[in-house]
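Please consider the following structure together with its sequence. The paragraphs after it move from charged pairs to buried cores, and then to the surface.

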Amino acid sequence: ERHARVVVLEKDDVGFEQSGRSVAAVNLPGGKPGSASASMLRISAEEWSTFEDRWDCVIDLNRDGWHIVIADENDRAWLDVDRSTWQQTAGFPDSEFISAEVARQRFPQLEGEFLGLDVRHGGHVDAAMVMNALREAANRRGIRILCGSMASGFEVTRGTLVRVKTQNGSFACDAVVIAAGLWSPRICDRLGFHIPMQRIRAPAAETGPMPRNTIPGFLRATSFGARQNRNGAIRITGGYRYSAMLHDIGFGDLRDMRLWAPAFWQNRKDVSLRVDLNALRKEIASIFAQLRTGNRYIVVPRDHHPSASPRHRRRQLEALGKLIPAVGGARVQRSFAGIIDLTPDLQPVIGRVPGMNNVYVATGFSGHGYMHGPGACKAIAGVVIDGKTDIDLEAYRPERLSGRLSMRSQIF
């Protein structure tokens, strides 16, 4: 839209990793806006509400709201903390707490025992459909998307990146945006900029097709999250107090152990540390491949499929069945997992890479990529083309990573 010629280098396929596997819950306009018009989260909410019209596509936008199930006093305590954060950060933070009696009248599917429901403005989109829509929109605008093409190195002259190297040749460039999720730190390391990032495995599963409106909007409880796809399948993810997310330990964690270790120890009862042998083998292979090149090239794993732990997903489905008995006969038909790129303060890293004149980064969305995504895209477009943006990026500045960082308690 800004008349720039764009080439996208994608090491696998568009949306192959977390972007195409996410539950893709989004905030949507409703009630009084809770943040300034320049807020990235507010802009993202507004963009999602008009996405299908703007890009002439279908992304299965569900506007039926977020429904947070409160089952006991511990849940109430969690809600008090979460509501405080939500009020400060969400683009449209209005919420309504309704009793179980009112909730059952409004959503008769909810037949199990619970105390109440916190209802918020939002819904969800279909991640795979979003990826396809963006690809088609890019093709209509002449953007080149080169799948199976991995950036392997850079040619830099006096702080300006002039050429990106790949295994199939190199590309001259006026500007570069690094938006590689979990792999962004490996790329930025080549430019002298370090991003502390934790690798978090987010397992999920899907059932076979169920009747429409079995799940109202995006439903989240203590031990599970659930949404219903257009084909009727129900997707199961982690809950808000027991997220089922796994902290996979790798060699990259050793570098920032002084940052992660104290917080991990303090919350050791709530942390699920794991060693994903498949991921570890790929990491070791990448390290040796990089060493064989004399450390001149970037090497990251391709075709990475994290373990999904289907047994635990079945437990989450059973918990959902206690709340919504209609789900009781459903079975897990497929399980999968993505990797979340978690930063210590749970804030994304967006802006110009320190020490570089024409390199920008957009990464570290910490499990909220769909919540931030459209606003982040508009911000990066402005920064790259105009050198500035009206969107407030103060909290996301890359420079903050060189200061004192502390881990947010919500990580646990």
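Arg106 and Glu96 join their side chains in a salt bridge, with N and O 3.4 Å apart; a salt bridge here is a side-chain nitrogen of Lys or Arg within 4 Å of a carboxyl oxygen of Asp or Glu. Arg106 belongs to helix H5 (residues 100–106) and Glu96 to strand E4 (residues 95–99), so the pair ties together parts that are 10 residues apart in sequence. Helices (H or I, at least four residues) and strands (E, at least two) are DSSP runs, numbered from the N terminus. Arg106 counts as partly exposed because its relative accessibility is 39%, and Glu96 is likewise partly exposed at 37%. Buried means under 20% relative accessible area, exposed over 50%, and partly exposed in between, with a 1.4 Å probe and protein chains only. Salt bridges that share partners also link Glu1, Glu47, Arg54 and Lys378 into one network.

The model is predicted: local features need pLDDT of at least 70 and side-chain atom pairs count only at pLDDT 80 or more, whereas totals for chains, interfaces and linings use all residues. Residues are numbered from 1 along each chain as its sequence is written, and side-chain values use heavy atoms, with hydrogens and water left out.

The salt bridges number 23 by this rule. One of them pairs Arg230 with Asp60, whose closest N and O atoms are 3.5 Å apart. Arg230 lies in the loop between strand E14 (225–228) and strand E15 (233–237), and Asp60 in the loop between H3 and strand E3 (66–70), so the pair ties together parts that are 170 residues apart in sequence. Arg230 is exposed, at 54% relative accessibility, whereas Asp60 is buried, at 12%. Another salt bridge joins the side chains of Asp82 and Arg120, at 2.8 Å from N to O. Since Asp82 lies in helix H4 and Arg120 in strand E5 (residues 116–120), this pair ties together parts that are 38 residues apart in sequence. Arg120 is buried, with 4% relative accessibility.

Helix H2 (residues 40–49) is mostly covered, nine of its 10 residues being buried. Among the buried residues are Met40, Arg42, Glu47 and Trp48. The buried residues of H2 pack against strand E2 (25–27), helix H3 (51–55), helix H4 (73–89), helix H6 (127–140), strand E19 (349–352) and helix H11 (369–386); contact means heavy atoms within 4.5 Å. At the N-terminal end of H2, Ser39 acts as a cap, with a side-chain oxygen 3.3 Å from the backbone nitrogen of Leu41.

Which residues touch the most other members of the largest nonpolar core? They are Leu161, Ile178 and Ile195, in a core of 26 residues. Such a core is a set of buried Ala, Val, Leu, Ile, Met, Phe, Trp, Tyr and Cys residues joined through side-chain atoms within 4.5 Å. Strand E8 (151–157), strand E9 (160–166), strand E11 (176–178), helix H7 (184–189) and strand E20 (359–363) each supply at least two residues of this core. Beyond its neighbours within four places in sequence, Ile178 is in contact with residues including Ile187, Leu191, Val359 and Val361. Apart from this core lies another, of 23 residues, including Val119, Met210, Leu219 and Leu320.

Two loop residues merit attention. Met356, in the loop between E19 and E20, is buried, with a relative accessible area of 5%. Outside its neighbours within four places in sequence, Met356 is in contact with Val156, Gly159, Thr160, Leu161 and Leu191. Thr214 occupies the loop between strand E12 (198–209) and strand E13 (218–220) and is buried, at 7% relative accessibility. Leaving aside neighbours within four places in sequence, Thr214 is in contact with Gln109, Gln228, Ile234, Ile324 and Val327.

On the surface, Phe251, Leu254, Met257, Ile284, Ile287, Phe288 and Leu291 make a nonpolar patch of about 650 Å². Patches consist of residues with over 30% relative accessible area and no salt bridge, with like charges joined within 9 Å and nonpolar side chains (Val, Leu, Ile, Met, Phe, Trp, Tyr) within 5 Å. Accessible areas come from the Shrake-Rupley method with a 1.4 Å probe; for residues, only the protein chains shown count as cover. Helix H9 (residues 277–292) gives the most to the nonpolar patch, with four residues. Leu291 is found in helix H9 and is exposed, at 54% relative accessibility.

Note on methods
Polar contact = N/O pair within 3.5 Å; in protein donor to acceptor, adjacent residues only side chain to side chain.
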